[in-house]
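Here is a short tour of a protein model. Keep the sequence and the 3D view side by side as you read.

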Amino acid sequence: MGESRRLTMAVTGAGGTRMARYVLSALVADERVAHVDLMVSGAGRKLLVHEFGGPEAADPVEKLLGGLNKKVASWDPDDLAGPMTSGSYSSWGMVVVPCALGVVGRIAQGQANTLIERAADVCLKERRELVLCVRETPFSLIHLRNMTQVTEAGAVVYPMIPTYYNVPQTVEQMFEEFTARLMSFIGLQQTDYYAWTGEGTPAHDDRSR
Ligand SMILES: Cc1cc2nc3c(=O)[nH]c(=O)nc-3n(C[C@H](O)[C@H](O)[C@H](O)COP(=O)(O)O)c2cc1C
C-alpha cells in the first residue's frame, strides 16, 4: 500500500511567500500526501498580500492556491487549541516555508506562544521532522546561534537559497527547482530536478529547468 502522509506546513513573515505557493501546490498534487495542516502567521499574511498583490483572503489557502483544497485544513496560529498543539495528533512533521529568523529564535528558546511555535516544539519533543526554510541575508551571530540550537535539537535548517548550476532562466524555474529538491529532501522523491552528473553545466538552450 502506498504512503499516506499527513504533515503540517507553516508560512511565516519572511520574504519568499511565493515559494510557499509552489511547495503547497506540490504537496496537494502529490498522491503520497493525504492531508496538510496549514498555518499562516499574521506577518505571513502581510507578506502574502505584498508579494501576491490583491486583498487579503479570508482563508490564506485561497491566496496560496487560488482556491480552497480538500486536502488542506487551515488553522489560526493564534489559537493554541488547534490539533497540532498535541503530540497525540498524528503527523509526519512540519515544514516552514518561508521561515523568519524571529520564528527560529522563538523555537530555539522553546517558546510556544503561537500554534506555529507550539507545533514546532511538538515536532522536536516527539522527534519528528522539522524543516525550517529560513530566509535572511546576512545572518547575525544571534541567527547563527539559534540555527545551531534548533539543529542540535533535531530540526533541519534548509535555507531558501536557489541553485545556480542548473542555469535557471526565470525566477519561476528557481522556485520549481527549490521545491522539487525540498520535496525529495522530505522523502517525497521527485525526478524532475537537475542532478549533477559530473559532465558540466547544461547548455542554456538544453535545460528542462
Ligand atoms: C515586509 C516584511 C518582511 C520581512 N522579511 C523578513 C525576512 O525576509 N526574514 C526574516 O527573518 N524576517 C523578516 N521579517 C520579520 C518577521 O516578519 C518578524 O520577525 C516576525 O516576528 C516573524 O514571526 P511571525 O511570522 O510568526 O509573525 C519581515 C517583516 C516584514 C513586515
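## A starting point: Thr 17

Begin with Thr 17, which counts as buried because it has 26 C-beta neighbours inside 10 Å, and 20 or more make a residue buried. Keep in mind that this is a predicted model. Thr 17 lies in helix α1, which covers residues 17-29.

What does Thr 17 touch, leaving aside its neighbours within four places in sequence? Its contacts are Val 11, Gly 44, Leu 47, Leu 48, Glu 51 and Pro 98. Now look along the chain to Thr 197, 180 residues apart from Thr 17. The C-alpha atoms of the two are separated by 31 Å.

## The sheet

Next, find the strands. Six of them form an open sheet, and the pairing is parallel. The order is β3-β2-β1-β4-β5-β6. Two strands sit at the edges: β3 (72-75) and β6 (156-157). Each of these pairs on one side only.

Zoom in on one pair. Strand β1 spans residues 5-11 and strand β4 spans residues 93-99. They pair in the parallel sense over three bridges. Which residue in β4 is the bridge partner of Thr 8? It is Met 94.

## The nonpolar core

In soluble globular proteins, nonpolar side chains tend to be buried together. In this model, the largest nonpolar core has 54 residues. Val 97, Cys 99, Val 104 and Leu 132 touch the most other members.

Take Leu 132 as an example. Residues up to four places away in sequence are not counted here. Leu 132 touches Val 96, Cys 99, Val 104 and Val 150. The list of its contacts also includes Ala 155, Val 156, Val 157 and Tyr 158.

## Around the ligand

Now turn to the ligand. There are 17 residues around it. Which of them come nearest? They are Thr 12, Gly 13, Ser 41, Ala 43 and Gly 102. Two elements give two or more residues to this shell: α2 (42-52) and α4 (101-108).

Helix α2 gives the most, with six residues. Sort the shell by class and you get six nonpolar, eight polar and three charged residues.

## Unusual backbone spots

Most residues other than glycine have a negative phi, and most peptide bonds are trans. Some places in this model depart from that pattern. Start with the peptide bonds. The bond from Val 97 to Pro 98 is cis, with omega near -10°. Pro 98 lies in strand β4, and Pro 98 is also one of the contacts of Thr 17. The bond from Thr 137 to Pro 138 is cis too, with omega near -15°. Look for Pro 138 in the loop between β5 (129-134) and α6 (141-152).

Then check the phi angles. Arg 127 is not a glycine, yet it has a positive phi of about 60°. It lies in the loop between α5 (115-125) and β5. Is Arg 127 buried or exposed? Arg 127 is exposed, because it has 11 other C-beta atoms within 10 Å and the cut-off for exposed is 12 or fewer. Val 167 is not a glycine either, and its phi is positive at about 55°. Its place is in the loop between β6 and α7 (171-185). Val 167 has 15 C-beta neighbours inside 10 Å, so it counts as partly exposed.

Technical notes
Residues numbered from 1 in each chain as written. Predicted model: local features only at pLDDT ≥ 70, side-chain atom pairs only at ≥ 80, totals over all residues. Near = placed C-beta within 6 Å. Helix = DSSP H or I, 4+ residues; strand = E, 2+ residues; numbered from the N terminus. Nonpolar A, V, L, I, M, F, W, Y, C, P; charged D, E, K, R; others polar. Pairing = 2+ DSSP bridges. Core = buried A, V, L, I, M, F, W, Y, C linked by C-beta atoms within 7 Å. Contact = placed C-beta atoms within 7 Å.
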